[in-house]
Amino acid sequence: MPMVSMRQLLDEASKGGYGVGAFNVNNMEQIQAIMEAARETRSPVIIQVSRGARKYSQDRFLFHLMLAAVELYPEIPVALHQDHGNSPETCRSAIDMGFTSVMMDGSLLADGKTPATYEYNVQVTREVVELAHARGVSVEGELGVLGGIEDGHGAGVDAMAHLTDPDQAVDFVEKTGIDALAVAIGTSHGAYKFTRKPDGAVLAMERIVEIHKRLPSTHLVMHGSSSVPKELQDIVNQYGGQIKPTWGVPVEEIQLGIRNGVRKINVDTDNRLAMTGAIRKVFADNPAEFDPRTYLKPARDAMKEVVKARMIAFGQAGHAADYEPLPLEEMAKRYQTEAVVG
Ligand code: G3H
Ligand code: 13P
Ligand code: ZN
């Protein structure tokens, strides 16, 4: 089947009351790991590509790998999404290439670090909605600011001080016409999210409940949602790594989010940890090894296991065959007739 609009995929998830993992990719092995996990669990899936991933892979390489993925796994609905688009131009180039969904992250300026004004965020996000919806492509916006900075998609701020304001969220969705809203609830990207198991003092799940009450038909997105399981940290450290003690977002909290309107859950770090642990193990067990296949294969397998576990936990497993994908032209028509902005 062709790549699917993220809007359709999330509308279906909403009907079914489940969430959909959005997994980041940079190379062939990661795409294969996700597609195999989707096949084994019969899951629809979102594959997402950051600006860094596009640069690393000369994006057309990655795009053609995605064409191979949909060709080889015709039973799996897949949306291809631009993660953290920093400008309308980044989103436009993704749409021109064939992405079915883009994130315009106007919570930050184009440098991906400096918090933007609300007016700027509304303006750039609406601009992207107009150009994307005309072509049937879905748009995710972000309101509030994520913490963390090392990956270039965070302001390095105290994440709790920049949580999404529920009233402003209503205004933002109304003014922009986005399909999905990323909310800031205290998470950040990367491995170092929390210094202890998070509770309500550092992870504001109640914001999601509040925002969902006011925006019951807007799909909510949780970024920075790796769980950073101790088992994965331990494998990396057992084989010479240096991951400091840390906590991520417990899967039960994500499931609470899913019961309250969260439909897209972004996971990258857990897969990075799984691959790195597997590669370190091969090198530790056999320092003479130098064929990349002998360490990339276990890395791919380790990532597949993480992705499968998340697909089952988020509830998307078993839903791959629930619906026929709509062509983007049909989505474009629907945006016009439903009088959605753009
Ligand atoms: O949003 C953050 C993702 O983990 C992607 O990170 O920019 O290092 O590819 P990246
Ligand atoms: P993690 O770093 O928690 O995996 O988050 C990834 C993310 O939010 C990508 O946009
Ligand atoms: Zn993110």
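This is a working chat about a helix pair and two ligand shells in a predicted model.

Biologist: What counts in this predicted model?
Modeller: Local features need pLDDT of at least 70, side-chain atom pairs count only at pLDDT 80 or more, and totals for chains, interfaces and linings use all residues. Residues are numbered from 1 along each chain as its sequence is written, while chains are lettered from A and ligands numbered from 1 in the order in which they are written.

Biologist: At what angle do α5 and α6 cross?
Modeller: Roughly 20 degrees, with the axes of α5 (residues 88-97) and α6 (residues 118-133) coming within 10 Å. Helices are DSSP runs of H or I, at least four residues, numbered from the N terminus. Axes are lines fitted to C-alpha atoms over the stretch in contact, and angles run from 0 to 180 degrees between N-to-C directions.

Biologist: Parallel or perpendicular?
Modeller: Roughly parallel, therefore (under 35 degrees).

Biologist: Which residues make the contact?
Modeller: Pro88, Cys91, Arg92 and Ile95 of α5 meet Val124, Glu127, Val128, Leu131 and Ala132 of α6. Contact means C-beta atoms, placed from the backbone, within 7 Å.

Biologist: Switching to ligand 1. What surrounds it?
Modeller: Asn24, Ser50, Gly52, Ala53, Asp83, His84, Asp151, Gly152, His153, His189 and Asp268. The cut-off is a C-beta atom, placed from the backbone, within 6 Å.

Biologist: Which elements give two or more residues there?
Modeller: Helix α3 (51-57) and strand β3 (78-85). Strands are DSSP runs of E, at least two residues.

Biologist: And ligand 2, which residues come nearest?
Modeller: His223, Ser226, Asn266, Asp268 and Thr269, of 13 around ligand 2. Here β3 and β8 (262-267) give two or more residues each.

Terms used. Angles under 35 degrees count as roughly parallel, over 145 as roughly antiparallel, 65 to 115 as roughly perpendicular and the rest as oblique. Two residues are in contact if their C-beta atoms, placed from the backbone, lie within 7 Å.
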